[in-house]
Amino acid sequence: MMACTMSQEQQEHWKSGWGFLLAALGSAVGLGNVWRFSYVAGENGGGAFLLVYIAMILAVGVPLLLAEFALGRSTQRESSSAIRAIAPASAWRHLGLLGVLVSSVVLAYYAVIAGWVFKYLSIYLLGSGPDLATPGFATAFDTYVAGSAQPLLWQGLGLLLTIGLIALGVERGIEKLNLLLMPALGVLLLLLAVHSTTLDGFAPGLAFLFQPDWSVLASPKVYLAALGQAFFSIGLGMGVMVTFGSYLMPTQRLPRAALTVVLCDTLFALTAGLVIFPAVFSFGLDPTQGPGLAFVVLPEVFAQMRWGMGVATVFFLLLSMAALTSMVSLLEVPVAFAIQRLGLSRPMASMCIGAGLFLLGVPASLGFGWWSDVLVAGGRNILDAMDFVAVDFLLPLNGLLLTLVLGWVWPRKQALQASEMDRSPYGHLWHLALRFMLPVLLATVLVTSLLQS
Ligand code: PHE
């Protein structure tokens, strides 16, 4: 294991292996599983997309996640310092800053969407769900996001809660939160899934999700969508998993942890699909609606469903919890950076960075109202443009550079040891994947997404 430097004695740690696993899973399970997965699968051929997606997570997701965990644990440093530790003398040492940047930008606009989720939860909790029908569900949503004070208020409240949790620290904040919320999240999702089997649309919903439309396999777009979704959903290439790995003790079995997180994340997305599509089909609505699915189509579905207001409340509660656990992990990356590299205290770092990211998210929120005529990056509104630059461009770029460092700069023997793959019959294969397959795949995604834009 690599030697650790001075501040190791101050380095925080998870209290238990469970805490770590649930925190990593809490980071992975988020709006991406419920809101993004269902519409990306909807737009890309249902069951055939699913097969490509599963191939991608096994070929790319598991190996890279394992490498990120291993890098964090063996260096015991936050993500940017971890990369510095394995590439101290070359220009590669600055690469970690890109991950800190990407996670910050993603959090800035993720908090805006999370704010919408919190608002919808409050609507259903207060019993005003039925009022959404009066102006029409689409109009109600459009009018809400076009406002300024309310959306900014909910975005700010969500961030404030995130700041508070991160200020509490790794064990008392992140770990406790996930130990509490992740099992609850599982139970709520199961409840919704059981309810979903009672709907008329259950069979067509299932068919849509699982019946493959093989013709889509001819289009390169599907592979790109699957890889992009895998990166976003597992939360790779942003430094989160490196940072989480750095709070680990040597006793955790890393290959098993990586496999568990990826499989549970996928199971979660699939079950969410089992909740969403049958509901949509039961009421004859369109499943390929895109990002508005959760806020426009589903409220309409809930309004027509027996016990709909209760189901809606559970659904938005689940989505709020999933969003919160992801926001917490996204904020931890820049905060750990500020603590370990800039010497700030944890509460100070959480507050300053959280406030800064709130401000960075303000234009994304106002881009639906006041600044709706500001269109950037090829006619996108500000939030879409931030999502596009971060997820379609910076994320694959950072992923590519990261795999190059992990596969080529990090000595093979150290990598194998740190990941415990030196004891596995697949160790050789894993390192080959890291060296060749991942960079080639990521470079292809990056070039294609650049060409398409
Ligand atoms: N994985 C989260 C989701 O599915 C998003 C996320 C990405 C969270 C990266 C943390 C880090 O919504």
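Biologist: Which residues is Ile 339 in contact with, leaving aside its neighbours within four places in sequence?
Modeller: Ile 339 is in contact with Leu 344, Ser 345, Arg 346 and Ala 349, once neighbours within four places in sequence are left aside. They are called contacts because heavy atoms lie within 4.5 Å. Please keep in mind that this is a predicted model. Ile 339 itself lies in helix α14.

Biologist: Why is Ile 339 called partly exposed?
Modeller: Its relative accessible area is 24%. Buried means under 20% and exposed means over 50%, with partly exposed in between. The value of 24% therefore makes Ile 339 partly exposed.

Biologist: How far apart are Ile 339 and Asp 373 in sequence and in space?
Modeller: They are 34 residues apart in sequence, and their C-alpha atoms are 39 Å apart in space.

Biologist: And how far apart are Leu 107 and Phe 358?
Modeller: In sequence, 251 residues separate Leu 107 from Phe 358, while in space the distance is 8.9 Å, C-alpha to C-alpha. Leu 107 lies in helix α5, residues 96-125.

Biologist: What makes Leu 107 a buried residue?
Modeller: Leu 107 has a relative accessible area of 0%, and the limit for buried is under 20%, so Leu 107 is buried. Leaving aside neighbours within four places in sequence, its contacts are Leu 159, Met 327, Leu 330, Leu 331 and Leu 357.

Biologist: Why is Gln 155 called buried?
Modeller: The reasoning is alike: its relative accessible area is 1%, which is under 20%, so Gln 155 counts as buried. Gln 155 is found in helix α7, residues 149-168. Beyond neighbours within four places in sequence, its contacts include Ala 108, Val 112, Phe 358 and Ser 365.

Biologist: What makes helix α4 mostly covered?
Modeller: Six of the eight residues of α4 (residues 79-86) are buried. They are Ser 79, Ser 80, Ser 81, Ala 82, Ile 83 and Ile 86. Among the elements that cover them are α3, α5, α11, α14 and α16.

Biologist: What is the phi of Trp 307, which is not a glycine?
Modeller: Trp 307 has a positive phi of about 60°. Most residues other than glycine have a negative phi. Trp 307 lies in the loop between α13 and α14. With 60% relative accessibility, over the 50% limit, Trp 307 is therefore exposed.

Biologist: Is Glu 420 buried or exposed?
Modeller: Glu 420 is buried, because its relative accessibility is 6%, under the 20% limit. Its phi is near 65°, a positive value in a residue other than glycine. Glu 420 is in the loop between α17 and α18.

Biologist: Now the ligand. Where does the ligand sit?
Modeller: The ligand sits in the largest cavity. Elements giving two or more residues to the shell around the ligand are α1, α2, α10 and α14. The ligand is surrounded by 15 residues, the closest being Ala 28, Gly 32, Tyr 110, Phe 232 and Ser 233.

Biologist: How do you know that an oxygen atom of the ligand makes a polar contact with Gly 32?
Modeller: That oxygen atom is 2.7 Å from a polar backbone atom of Gly 32. A polar contact is a pair of N or O atoms within 3.5 Å, so this pair qualifies. A nitrogen atom of the ligand is 2.9 Å from a polar backbone atom of Ala 28, and a nitrogen atom is 3.1 Å from one of Ser 27. Of the 320 Å² of accessible area that the ligand has on its own, the protein covers 100%.

Conventions. Residues are numbered from 1 along each chain as its sequence is written. This is a predicted model: local features need pLDDT of at least 70, side-chain atom pairs count only at pLDDT 80 or more; totals for chains, interfaces and linings use all residues. Side-chain values use heavy atoms; hydrogens and water are left out. Helices (H or I, at least four residues) and strands (E, at least two) are DSSP runs, numbered from the N terminus. Buried means under 20% relative accessible area, exposed over 50%, partly exposed in between (1.4 Å probe, protein chains only). A residue is near a molecule or strand if one of its heavy atoms lies within 4 Å of it. A polar contact is a pair of N or O atoms within 3.5 Å; within protein, one must be able to donate a hydrogen and the other to accept it, and residues adjacent in sequence count only if both atoms are side-chain atoms. Accessible areas come from the Shrake-Rupley method with a 1.4 Å probe; for residues, only the protein chains shown count as cover. On a 1 Å grid over the protein atoms alone, a cavity is a set of points where a 1.4 Å probe fits but cannot get out, and a pocket is an open set with protein on both sides within 12 Å along at least five of seven lines; lining residues have an atom within 4 Å of a point. A molecule sits in a cavity or pocket if more than half of its atoms lie within 2 Å of its grid points.
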